[in-house]
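Good morning, and thank you for the time on today's agenda. I would like to take you through one protein model, beginning with the whole and then turning to particular places.

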Amino acid sequence: MAGGVGCEDRGSDRVLTYSQVVHLQRMIGFKMRLDPKGSKPAPTRGSSNPAIGSSNPTLTMTPLQLIQVVLERLGDAGIPVKDVRINGSAASCVVAGESGHSYNDLDVLFNLSGAGLRGDDPTRHDKIRSAALSALVEFFPSDYLLPNQILSTEELSETYVHKMVKIENPLDRWSLISLQNHSGPNIELKFVDSMRRKYQFSIDSFQVIIDSYLLYRDASTIPMNERFFPTVVAQTFYGNFDDALDHLRHKLIATNNPEEIRGGGLLKYCGLLACDYKPAENVNAPMLERYMCARFFIDFPTIELQRVQLHNYLANHFADQEGQRGLFLVLALNVIQRSAFCLPAHERETTLKLIHQMAVDVTFFSDLRAYSKQQEMNFFDQNVEYHPAFSNTIPRSPAPRTRASVLHADCCQCAYSRLKKDRIYAPVYVYPVFFRNTMVIPDTN
């Protein structure tokens, strides 16, 4: 345990302060919800169909609870774990503290290096996957499963796993199970024997080793305070911890040997530029871009592979940010145009046309939605009489007219009483964009 002293600097390591440990505690202590894929959550008591399918329950847990159960299952399967770490952007968020950084996925790394089964064991991956997925059964409602009922790994995977990856080659041996959390960041469980490249850029080169925190939660009955809290160590694989932390705090881009990164880190580089990051002063940006482009087109040589990578990156990082999607594509277009000298001219033109068309599509649909939204707001401002039940929740126009009425779905029985004197049965138009559970009754004249 550590007292209320400051950070201890050990080159590439750093002991976290109390406020950073509190941030870690909140990160792995929030409630997350795993819904079955392709179905409505149905954790109903006394369900008549407890088999896997549309009636699977929604699972509620904290990341901390899931980590602890996965560790137990791995131990039962004879797979010892060297340590457990928070990785990537989530670790960067812990190190940065409360400085406004965010993360899309909570990446939990189970380090099996030097402690796992032999790499040539053909059942090793299956044991890890089975141990990780069987942990989910711990969070099923107590009355959901029938006595002696056992859910297979395949059933659990089909129902709750968002993505599964397995990498095995002479330099890399790891697997990943991604669980989609519908109440916050997704959680990704990564099981690593060996990984040649552990980061892309300095800002995501951090890992936070949480074993001491797990031990504290199990053994201590004393609440954390500024004088008594677990000693948690963060590491960076970039090199110098202070340099990596400075890049994180000031939104600077730096990396080592980008040719070692799958895809060269090109898409993430363009994504960082779109989020107002800029190359650090000691970075030769033109040379960096050339290396990234060379590796990207080695890994994804065909136009279809490039299309898939672009679509996946946009979906994973800019799903709800239309403006950023367009900016990202324009920046990618510019970087490839000025730096992809490794490609023949006709191949580069094909890639540029692909990105240009994607940018046009994104911009067109963004403008179309913005125009539609403006037209709809103008209609409501000029032509809507608001139902009395919404007088305190929907802003009134200064001079609303009576060509239509907004009615709550539960009040539809009074719809026709608000029409004109001829009482023509007008069609009901469901308006899903701005007001939930509302109906608009158009003017009949």
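What follows is a short tour of this structure, with its confidence values first.

The model before you is a predicted one. Its average pLDDT is 77, and 72% of the residues score at least 70. Among the elements, strand β12, residues 252-253, has the highest mean pLDDT, at 96, while strand β16, residues 429-430, has the lowest, at 32. Two stretches call for caution. Over residues 3-10 the pLDDT is below 50, and this stretch has 16 contacts in the model beyond near neighbours in sequence. Over residues 383-445 the pLDDT likewise stays under 50, and here the model has 93 contacts beyond four places in sequence.

Let me turn to the overall architecture. The protein has 12 helices and 17 strands. Of its 445 residues, 45% count as buried. The accessible surface comes to about 23100 Å², and 51% of that area belongs to carbon and sulfur atoms. How do the contacts spread along the sequence? Among contacts between residues at least 6 apart, 69% join residues at least 24 apart.

I begin the particular places with helix α8, residues 266-274. Of its 9 residues, 8 are buried, so the helix is largely enclosed by the rest of the structure. The buried residues are Leu 266, Leu 267, Tyr 269, Cys 270, Gly 271, Leu 272, Leu 273 and Ala 274. What covers them? The cover includes strands β12 and β13 together with helices α9, α10 and α11. After α8 comes Asp 276, whose phi is positive, near 70 degrees.

Cys 270, one of the buried residues of α8, leads to the matter of disulfides. How many disulfides does the structure hold? The count is 0. For Cys 270, the closest cysteine sulfur is that of Cys 293, 7.6 Å away, which is too far for a bond. The relative accessible area of Cys 270 is 0%, so this residue is buried. Cys 93 also counts as buried, at 4% relative accessibility.

Next, the aromatic rings. A search of the whole structure finds 11 aromatic pairs. One of them joins Phe 206 and Phe 241 in an edge-to-face arrangement, with 5.3 Å from centre to centre and 65 degrees between the planes. Why does this pair deserve attention in terms of sequence? Phe 206 belongs to strand β10 and Phe 241 to helix α7, so the pair ties together parts that are 35 residues apart in sequence. Both Phe 206 and Phe 241 are buried. Another edge-to-face pair is formed by Phe 296 and Phe 297, with centres 5.2 Å apart and 90 degrees between the planes. Phe 296 and Phe 297 are both buried. In addition, ring pairs link Tyr 213, Tyr 216 and Phe 228 into a cluster.

Two rings have a charged side chain over the face. Lys 190 lies over the face of Trp 174, at 5.2 Å from the ring centre. Arg 197 lies over the face of Tyr 199, and there the distance to the ring centre is 4.4 Å.

I turn now to Glu 188, which is placed in strand β9, residues 186-194. Is Glu 188 buried or exposed? Glu 188 has a relative accessible area of 10%; since buried means under 20%, this residue counts as buried. Leaving aside neighbours within four places in sequence, Glu 188 is in contact with Asp 105, Leu 106, Asp 107, Val 108, Lys 163, Leu 176, Ile 177 and Ser 178.

My last residue is Pro 63, found in helix α2, residues 63-76. Pro 63 is buried, with a relative accessible area of 0%. Not counting residues up to four places away in sequence, Pro 63 touches Met 27, Ile 28, Phe 30, Met 32, Leu 106 and Ile 187. Leu 106 thus appears in the list for Pro 63 and in the list for Glu 188. Val 108, also in contact with Glu 188, lies 45 residues from Pro 63 in sequence and 9.0 Å from it in space, C-alpha to C-alpha.

To close, I return to two points. Helix α8 is largely enclosed, with 8 of its 9 residues buried. Residues 383-445, by contrast, have a pLDDT under 50. Thank you for your attention.

Notes
Residues numbered from 1 in each chain as written. Predicted model: local features only at pLDDT ≥ 70, side-chain atom pairs only at ≥ 80, totals over all residues. Heavy atoms only, no water. Phe/Tyr/Trp six-rings, centres within 6.5 Å; stacked < 30°, edge-to-face > 60°. Helix = DSSP H or I, 4+ residues; strand = E, 2+ residues; numbered from the N terminus. Buried < 20%, exposed > 50% of the residue type's maximum accessible area, 1.4 Å probe, protein only. Lys NZ or Arg CZ within 6 Å of the ring centre and 35° of its normal. Disulfide = S-S within 2.5 Å. Contact = heavy atoms within 4.5 Å. Areas by Shrake-Rupley, 256 points an atom, 1.4 Å probe, with all protein chains shown as cover. pLDDT = per-residue confidence, 0-100.
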